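Open the model in a viewer and colour it by secondary structure. The stops below say what to select next and what is there.

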Amino acid sequence: MRPGKTGESLLDRGENISLMPIGWVRNEVQEMGRKRWREVVSEIEISPHFAACLDGIEAFSHVVVIFWMDRVERCDCLVKKLRPRNGEGPEVGAFATRSQRRPNPVGLTSVRLLGREGGRLKVQGLDALDGTPVLDLKPYSPHHDLHPEATFPFWVMEMERLRANPLPA
């Protein structure tokens, strides 16, 4: 029986899925806690097996990077609530946050593509540590990725404002 057809899930059946990295993040960041991710320049080193899949990507200014946060402590987020931004935000479910603490530590970030050299992409703004496995890349598309009508709670905007303009210590 295929999961999802009758309400049964892989979790209910105790099954897993497997993913294969297409490449690895290379940068100077060895541990979490960095606040200025938008300034970080990284290289994504694509496996030679997938290098031809990059053809044409240099025509895009931005790409979406999907990666596995392999050094994040796994949690039972199915029953826990979180306070985003180090406890500054309201208590909400894990899926209402951009927190790393999730049932599956999958990261998703839109980054500026600075260039391509063979099987390596140079990007800016990737919030991933050196050595992080990259699962997939997609070109940024306004048709798919831009939602001018998007709404969000006030606390999200307030935390973005505080992050951009931190209060003096």
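A residue is called buried here under 20% relative accessible area, exposed over 50%, and partly exposed in between, with a 1.4 Å probe and protein chains only. This is a predicted model, in which local features need pLDDT of at least 70 and side-chain atom pairs count only at pLDDT 80 or more, while totals for chains, interfaces and linings use all residues. Residues are numbered from 1 along each chain as its sequence is written, and side-chain values use heavy atoms, with hydrogens and water left out.

**Whole chain**

Start with the full chain, which has 4 helices and 8 strands. Helices (H or I, at least four residues) and strands (E, at least two) are DSSP runs, numbered from the N terminus. Read from the N terminus, the order of elements is α-β-β-β-β-α-β-β-β-β-α-α. The chain has 169 residues, of which 30% are buried. Contact means heavy atoms within 4.5 Å. Of the contacts between residues at least 6 apart in sequence, 72% join residues at least 24 apart.

**Strand S3 and its partners**

Select S3, residues 62-68. Of its 7 residues, 5 are buried, so S3 counts as mostly covered. Two strands pair if DSSP finds at least two bridges between them.

Which strands pair with S3? One is S8 (residues 133-139), antiparallel to S3 over 5 bridges. To see this pairing, show Val64 opposite Lys138, then Val65 opposite Leu137. Another is S6 (106-117), which runs antiparallel to S3 and is joined to it by 7 bridges. Here His62 stands opposite Arg112, and Trp68 has Val106 as its bridge partner.

In a regular strand the side chains alternate between the two faces of the sheet.

**Onward to S1**

Keep S8 in view and add S1, residues 23-26. These two strands run antiparallel and are joined by 2 bridges. Trp24 has Pro133 in S8 as its bridge partner.

**The S6-S7 hairpin**

Now select S6 together with S7 (120-124). The two pair in the antiparallel sense over 5 bridges, and Arg116 is matched with Leu121 in S7. They form a hairpin with 2 residues between them. Centre on Gly118, which lies in the loop between S6 and S7 and has a positive phi of about 65 degrees. Is Gly118 buried, partly exposed or exposed? Its relative accessible area is 47%, so Gly118 is partly exposed. Draw a C-alpha to C-alpha distance from Gly118 to Ile46: they are 72 residues apart in sequence and 9.0 Å apart in space.

**The nonpolar core**

A nonpolar core is a set of buried Ala, Val, Leu, Ile, Met, Phe, Trp, Tyr and Cys residues joined through side-chain atoms within 4.5 Å. Select Ile44, Val65, Leu121, Val123, Leu126 and Leu137: among the 20 residues of the largest nonpolar core, these touch the most other members. At least two residues of this core come from each of S2 (41-46), S3, S6, S7 and S8. S3 gives the largest share, 3 residues. In soluble globular proteins, nonpolar side chains tend to be buried together.

Then show everything around Leu137. Apart from neighbours within four places in sequence, Leu137 is in contact with Ile22, Ile44, Ile46, Leu54, Val64, Val65 and Leu121.

**The cavity**

A cavity is a set of points, on a 1 Å grid over the protein atoms alone, where a 1.4 Å probe fits but cannot get out; lining residues have an atom within 4 Å of a point. Grid points are joined across faces, edges and corners, and a volume is the space filled by probe spheres set on the points. How many cavities of 30 Å³ or more are there? The count is 1, and the largest cavity has a volume of about 90 Å³.

Select its lining: Met32, Phe67, Met69, Asp70, Arg71, Val72, Gln100, Asp127, Ala128, Leu129 and Thr132. Ala, Val, Leu, Ile, Met, Phe, Trp, Tyr, Cys and Pro count as nonpolar, Asp, Glu, Lys and Arg as charged, and the others, Gly among them, as polar. On that basis the lining has 6 nonpolar, 2 polar and 3 charged residues.

**Last stop: Pro90**

Pro90 is in the loop between helix H2 (84-87) and strand S5 (92-93). With a relative accessible area of 30%, Pro90 is partly exposed. Leaving aside neighbours within four places in sequence, Pro90 is in contact with Leu82, Arg83, Pro84 and Trp155. Pro90 and Trp155 are 65 residues apart in sequence, yet 7.7 Å apart from C-alpha to C-alpha.

Methods:
On a 1 Å grid over the protein atoms alone, a cavity is a set of points where a 1.4 Å probe fits but cannot get out, and a pocket is an open set with protein on both sides within 12 Å along at least five of seven lines; lining residues have an atom within 4 Å of a point.
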